[in-house]
Amino acid sequence: MLRAILLRLGGVIPVLFLVACGIFALLHLAPGDAASLLASADAGEAEVTRLRALWGLDQPLHVQFGRFLLNIARFDFGTSLRYQEPVISMIGERLPATLELAAVALTIAAVAGVSLGVVAALKKGKLTDGIVSVVAVAGVSAPSFWVGILFVLLFSAELNLLPSGGRLPFGTPIDGNSGFYLFDSLAHGQFETFQLVLLHLALPALTLAAGMVGIIARITRSALVDVGQEDFISTAVAKGLSRRAIVRRHLLPNAAIPISTIIGLELGVLISGTIIVEVIFSWPGVGSLLYQAVTARDTPLTTGVVVVYTTLFIALNVLIDLFYFVIDPRVRSGAGAST
Amino acid sequence: MIAARFLQVKFLVGALCIGLIALMAIGGDFLTPHNPDDQDLLASLQPPFTWEHVLGTDQLGRDIFARMVSGARVSLAIALSVVLISGVLGVLLGAISGYLSGWRDVVLQKIVETFWAFPPILLAIAIVALFGQTLPNLIIALTIQRWIPYARLARAQAMSLRSREFIAASKIMGGGTVWILRKHVVPNLIASAIVVATFTMATAIIAEASLSFLGLGVPPGTATWGGMLADGRSYITRAWWLAVFPGVGIFITVIGLNLLGDWLRDQLDPKTDLNLV
């Protein structure tokens with residue numbers, strides 16, 4: 001098992017290398033001199049020359065590539081043109097906000113999706129089943145930026161129930177410095193702040209989850225229906241086990257693999273979703289930072305965010321693969337060591 | 001029985017949605033007298049459902065319906081080109097990769113893995129941001145990851161086709177690799193590529209609208225659904241129709257494509273339990 005895990009982790013290195021090659025190629029293929037891309041628009045010739053030396057752009061290509069790899073490996077993306085701050089500290093400050101939002105959204109999507117899927121599978125062919133599949137297709141088809149705006153329109157503008165932007169009202173006391181507000185406020189006993197954090201999370205997290213619930217429900221349903229046709233389920237029914245026990249002990253564990261696979265595939269939707277959702281809800285995370293970077297033509301910042309987002313995406317995919325070791329005894333025993 | 005009826009409903013609703021949007025894109029000029037870019041500041045933010053402006057007007061007094069028509073054209077044209085380019089590219093590369101196997105396959109699989117390692121949309125944003133906001137760049141940005149599903153499917157199918165008798169027979173009869181690929185392999189990959197195309201078109205429309213929403217879509221000045229939504233966001237409390245209608249356009253198109261894709265998949269692959277989809 002350890003060997004399989006190490007193999008999986010080792011497989012990441014060539015992918016990371018190729019991704020770095022891809023980003024390097026993008027920066028070099030982009031029109032114009034790379035140094036002038038990295039300098040602000042009003043930088044003088046001297047500044048461009050300085051940057052060219054700093055990034056080694058006057059060196060041959062392979063030397064440049066080596067330096068680029070080294071910088072990326074150290075997470076050194078240089079200084080933001082617009083904000084004149086080290087890119088990595090800007091990203092570091094904002095990463096917890098994005099992770100917190102993504103984690104809450106994923107939890108909502110997984111819980112709601114799996115529950116809806118179970119209900120649909122148990123009521124197969126009934127009206128409930130039909131409603132769930134309609135909701136599933138609709139959820140996949142509605143773009144998140146539209147859903148977000150509709151939520152704001154309904155819950156903020158019309159009903160005045162939930163805040164439509166930011167993580168906390170300005171000046172709300174919050175101790176702790178992990179950047180994860182849910183954790184910080186709870187760990188320091190600031191329950192009112194905790195409540196405010198939750199309220200602010202509600203709309204962005206729901207928007208982000210909306211696109212995923214449908215697919216998770218659909219896959220859960222079909223996985224359960226598949227498992228339900230297996231002989232051991234008939235045996236369990238014949239043994240006289242209660243419906244609840246069959247669902248919990250036999251159906252769900254066996255359906256867990258396709259369900260976690262689809263949740264893994266949805267990570268892409270989740271990560272990309274944060275970019276759009278953060279912009280809509282003025283969420284101070286990495287996604288809205290990317291938006292600012294792109295609108296300000298801030299190449300170092302854009303590169304930094306792209307690298308961090310991609311690394312995060314790859315890491316999450318590996319985590320999902322490792323999760324198979326936990327849930328699938330066959331993979332654990334090495335029978336499925338090909339993963 | 002129920003499954004068959006459900007399938008028919010899928011086709012009907014899907015076709016209706018796409019028909020509606022296509023009608024709007026093609027016949028839009030006959031449906032509205034307004035020009036999408038004509039401003040009329042005296043008639044700004046007019047509510048919808050009047051004879052003069054069916055879907056209301058925006059902050060500059062431009063007719064929302066006329067702009068929706070323009071947006072439908074932009075969306076459909078971009079999505080269609082993305083689907084065509086990525087389809088041709090993906091099927092060809094996948095067929096070569098699966099049929100030839102060996103080092104070419106390994107190289108192609110590494111390329112696929114690399115492109116796939118980027119979160120969707122992110123790569124598109126980076127490309128448009130670095131290379132500039134032009135129509136060709138936008139199409140490249142949207143294509144760069146969309147050929148992969150075609151390539152994966154085509155590769156898997158080409159691999160299994162390779163061991164079939166009719167391929168062996170044409171090899172024995174002296175058929176060259178290119179000839180076999182063209183005459184026997186690729187034609188057998190078309191059907192499933194069409195299913196992939198339907199779903200790809202749906203994601204391409206959402207991605208194009210997302211980029212327009214972020215201000216990275218087609219060059220500014222053209223009315224697009226995503227761009228209209230972004231503009232409408234600032235007026236959300238005063239004029240809901242600005243942001244709601246363009247979203248409805250995207251939603252109808254995408255749901256139509258998803259339903260048609262489901263239907264097509266069921267048609268082509270009778271083995272799948274129709275209930276499941």
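**Exercise 1.** What pLDDT does chain B average, and what percentage of the residues score at least 70?

*Solution.* In this predicted model, chain B averages a pLDDT of 87, and 95% of the residues score at least 70. Next, look for the weak stretch: over residues 271–277 of chain B pLDDT stays under 50, although the model has 11 contacts there beyond four places in sequence. Where pLDDT is low, the predicted coordinates should not be read in detail. Finally, for the complex the predictor gives an ipTM of 0.84 and a pTM of 0.87.

**Exercise 2.** Compare the expected and the modelled span of helix H8 (residues 144–158) of chain A, and locate its kink.

*Solution.* The helix has 15 residues, so at 1.5 Å a residue, counted over one less than that number, H8(A) should span 21 Å. The end C-alpha atoms of H8(A) are 20 Å apart, which agrees. The axis nevertheless has a kink of about 25°, centred on A:Val152, a residue that is itself buried. After the helix comes A:Asn160, whose phi is positive, near 55°.

**Exercise 3.** Which helices do the buried residues of H8(A) pack against?

*Solution.* Begin with the buried residues, among them A:Phe145, A:Trp146, A:Ile149 and A:Phe151. Within chain A, the buried residues of H8(A) pack against H10 (191–228) and H12 (243–280), and in chain B against H8 (177–213), H9 (225–233) and H10 (241–268).

**Exercise 4.** How many residues does each chain bring to the contact?

*Solution.* Chain A brings 39 residues and chain B 38. On the side of chain A that touches chain B, the elements giving two or more residues include H2 (12–29), H8, H10 and H14 (299–327). By class, that side of chain A has 30 nonpolar, 9 polar and no charged residues.

Note on methods: Residues numbered from 1 in each chain as written. Chains lettered and ligands numbered in written order. Predicted model: local features only at pLDDT ≥ 70, side-chain atom pairs only at ≥ 80, totals over all residues. pLDDT = per-residue confidence, 0-100. Contact = placed C-beta atoms within 7 Å. Helix = DSSP H or I, 4+ residues; strand = E, 2+ residues; numbered from the N terminus. Bend = angle between axes of the 7 residues up to and from the residue. Buried ≥ 20, exposed ≤ 12 C-beta atoms within 10 Å, placed from the backbone. Nonpolar A, V, L, I, M, F, W, Y, C, P; charged D, E, K, R; others polar.
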